[in-house]
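Subject: Structure handover

Hi,

Here is the structure I promised to pass on. Have a look at it first, and then read my notes below.

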Amino acid sequence: MSGRVGDLSPKQAEALAQFREKIQDILPQCPSQSDHFLLRWLRARNFNVQKAEAMLRKHLEFRKHMKADTIITDWKPPEVLEKYFSGGMCGYDQEGSPVWYDVIGPVDPKGLLLSASKQDFIKCKVRDCEMLQKECDLQSVRLGKNVESITMIYDCEDLGLKHLWKPAIELYGEVLTMFEDNYPEGLKRLFVIKAPKLFPVAYNLVKHFLSEETRRKVMVLGSNWQEVLRKHIDPEELPAVYGGKLTDPNGDPRCRTRIQQGGQVPQSYYAREFIKVQYDQCVSISRGSSHQLEYEILAPGCVLRWQFCSDGADIGFGVFLKKKLGEWMKAGQMQEVVPSQRYNAHLVPEDGSLTCTEPGVYVLRFDNTYSIFQSKKVSFTVEVLLPSNDSQSEPGMSKAFLLSKRRTSAAHASSKPGLRFKSVRLGLLAEADEGEMSGRVGDLSPKQAEALAQFHERIQDVLPQCPSQSDHFLLRWLRARNFNVQKSEAMLRKHLEFRRLIKADTITTEWKPPEVLEKYLTGGICGYDREGSPVYYDVVGPVDPKPILLSVSKQDFVKFKVRDCEMLWKECDLQSIRLEKNVESVTMICDCEDMGLKHLWKPAADLGGEVLTMFEDNYPETLKRLFVIKAPMLFSVAYNLVKHFLSEETRRKVIVLGSNWQEVLLKHIDPEELPVIYGGKMTDPDGDPRCRTKLKQGGQVPHSYYAREFIKVQYDQSVSISRGSSHQLEYEILAPGCVLRWQFCSEGADIGFGVFLKKKLGERMKVGQMQELVPSQRYNAHLVPEDGSLTCTEPGVYVLRFDNTYSILQSKKVSFAVEVLLPSNDSQSEPGMSKV
């Protein structure tokens, strides 16, 4: 059932009744008390009454804080936003819903943010949302039916690099989060029109702020966008500039009296000279020298984005292009892409971006060669922005997928070929400010010490419930939240509730894991690093994720991982006693030998994300470093699937080692503490070099353990395939290394499926004319859902084909989800190591 009034299942109707009962105390404060209104919150949380209640209560707090009930009448936006911020409501779609337009091109994001506060910007968007909600209410009265959602049109003509300015993107992310949290089910569909090649990059920057349900409503239209809009909006309701007949009274086809067009903000409005930013890395550049960052771009369409400032004096900066990664070249030997010049970045921070129009190695060069007396400290952030493959498109639209690699180097002006190259640690291996304190016992700044005292005072009521009451323990939570006492308190209180529910205090002694996890899930604690921290190993290759998840509940799997974390905490406590110093973090080694496509199975990756979120939320500052060894090419794809569950701080601790990984491990772990299989001297008492008594090795799970035949999944799309016909999906892959992943089921009968390769997008070819990659065969997907994946080893158009040509009587409905998984460019590497 749709979950709307008049179309509720018995369970949904029961949830609505429970929801209404639980919110009786706040119902009078709601903008509406109707079932239509309440069902929006239930649908947004999949009819989980508890979550819907929490969401609504939080929304009412938001309304109170923002004064949303009177924001339309009592709050006047700053003049600069009224004049130069684009967009507006104009007309209605064929179902009577209001249509909102956002005109992106003319917007001057930097000018707006230098002229108005972030709070005013957000309040302006809240006011827009409230106006749209009121218009929906009026339409409901006018039409005699419920209208609760809107159609949006994003006009992306002239979308440019200025719109990718990092502070603007971050603020836009906050606006999208506000919209998702406080106006659920308010969007019916969003049409993106006139999207340039840069659009996938821009979308990739903000898509993670959107729920899966919202993402499914985003549709990128092709050259026939006017025709598509007219299918949904009558010409009399559509502005002439968008293919309709609607104009302003003066004949203006853009309807400027309703849709603001934005424009360049005059500097007379500026309230500040620059926006303060956080930089990822800083580096000292000696007098007469330079510092280079190298990015290998394998396919055009990526965007390089940078921000930097210098201390005390100006710095030179330019961008160059060369052919080979690691090949030392002077500036004059490379192609100049962004001319090198000196910037007063000690007075005003600099930022910029560049669309990579061709493959090659892009070199960002900080130049201090002209200074014969003064070294310069430069703080900077550099990012490679990849296009997205998430936005939907009308038939005939292509999708491009790009890869990038990154390396950095430091060069002295008089250096000769043979330059030392330093692989980048993701998060950009930053030098700490000399005056910066670590936030640990004995190394606290006055502000940090004050925050600790305040934190201690605020949690007096729950302190006895904590695993430890020491300053070492409390500082973990403060560091995890950058010494924000309020956020640290909320995090710790939530953790204590988690401990109570999962019974963490006794989980290592009183909970017995299912036998299948004890036998077939790999890993374990084995030895200590040179600083006395426990070392934990994850052996990925032998793990068989699908049978494990078919054999145990998700709850048992999560509890098993909680038990591991508790055991690690206890081992750290024991080491603290043995060594008479504080030990609070662990070294992890992830052995990726034999990692394969089976490890990218979506339910397993989703559960892995839940486990990582649990770890981030409840065991802060537990990870010292994570070494990834024997990583195959597929690792970067796998890492890209899970990295967004990790905090920036955790990502910086992930280090991917190259072929000399044993040598690197021995720098951190004594040979006597490192298993022989990993380059050390430790064995089991029976001489086993793998130390199987401490490190479980996993293996194939026998079918006798299975508790179910398949995992229920959510599909993104469904299609009816007529008798005697087929349905094809095309994905254009521009560089090798991506992975295609699919899941599907059919209704009523079997369906054929295969994967093929051809050269040109949109070119109609028979099956026999294409290269067969996954042989086409019939699957009983009506009985057991099918899933699979394929590594794209060469560029081309990959065709996923559902085949019903053999059926002369029966149409088939197929539900499916298909993803293109991109490699990550985020994992760090040790100096001298090549990045996977």
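At what angle do helix α12 and α14 pack, and how far apart are their axes? The angle is about 40 degrees and the axes are 10 Å apart, with α12 covering residues 446–458.

Before I go on, some housekeeping. This is a predicted model, where local features need pLDDT of at least 70 and side-chain atom pairs count only at pLDDT 80 or more, while totals for chains, interfaces and linings use all residues. Residues are numbered from 1 along each chain as its sequence is written, and side-chain values use heavy atoms, with hydrogens and water left out.

On conventions: helices (H or I, at least four residues) and strands (E, at least two) are DSSP runs, numbered from the N terminus. Axes are lines fitted to C-alpha atoms, for helices over the stretch in contact, and angles run from 0 to 180 degrees between N-to-C directions.

**Around α14**

Back to that pair. The angle makes α12 oblique to α14 (under 35 degrees counts as roughly parallel, over 145 as roughly antiparallel, 65 to 115 as roughly perpendicular and the rest as oblique). α12 passes α14 in a right-handed crossing (the near helix is turned clockwise from the far one by less than a right angle; anticlockwise would be left-handed). A451, Q454, F455 and R458 of α12 make the contact (heavy atoms within 4.5 Å) with V485, Q486, S488, E489, L492 and R493 of α14. By class, that contact has four nonpolar, three polar and three charged residues. Here Ala, Val, Leu, Ile, Met, Phe, Trp, Tyr, Cys and Pro count as nonpolar, Asp, Glu, Lys and Arg as charged, and the others, Gly among them, as polar.

α14 (residues 485–502) also packs with helix α19 (residues 602–618), at an angle of about 120 degrees and with the axes 9 Å apart. That makes α14 oblique to α19 as well. On the α14 side the residues are M491, H495 and F498, and they meet M614, E616, D617 and N618 in α19. Sorted by class, this contact has three nonpolar, two polar and two charged residues.

Then there is helix α18 (residues 554–579), which packs with α14 at about 115 degrees, the axes being 12 Å apart. This time α14 passes its partner, α18, in a left-handed crossing. H495, F498, R499 and I502 of α14 are in contact with Q555, K559, V562, E566 and W569 of α18. The class breakdown for α14 with α18 is four nonpolar, two polar and three charged residues.

N618, in helix α19, is one to click on. N618 is buried, at a relative accessible area of 6% (buried means under 20%, exposed over 50%, partly exposed in between, with a 1.4 Å probe and protein chains only). Its side chain makes a polar contact with the side chain of H495 at 3.0 Å (a pair of N or O atoms within 3.5 Å; within protein, one must be able to donate a hydrogen and the other to accept it, and residues adjacent in sequence count only if both atoms are side-chain atoms). Not counting residues up to four places away in sequence, N618 touches W477, H495, F498 and W569.

**A covered helix**

Helix α9 (residues 199–206) is mostly covered, with six of its eight residues buried. Those are F199, V201, A202, Y203, L205 and V206. Among the elements covering them are α8 (166–182), β4 (187–193), β8 (303–310) and β13 (376–385).

**Two positive phi values**

Most residues other than glycine have a negative phi. F47 has a positive one, near 60 degrees, and sits in the loop between α2 (35–44) and α3 (49–66). D158 is positive too, with phi near 70 degrees, in the loop between β3 (150–155) and α8. F47 is buried, at 17% relative accessible area, whereas D158 is exposed, at 61%.

**Two more residues**

L143 is found in helix α7 (residues 118–143) and is partly exposed, at 42%. Leaving aside neighbours within four places in sequence, L143 is in contact with E95 and G96. The C-alpha atoms of L143 and E95 are separated by 9.6 Å, with their positions 48 residues apart along the chain.

I71, in helix α4 (residues 71–74), counts as buried at 1% relative accessibility. With the same neighbours within four places left aside, I71 is in contact with M66, K123, V126, R127 and E130.

Cheers
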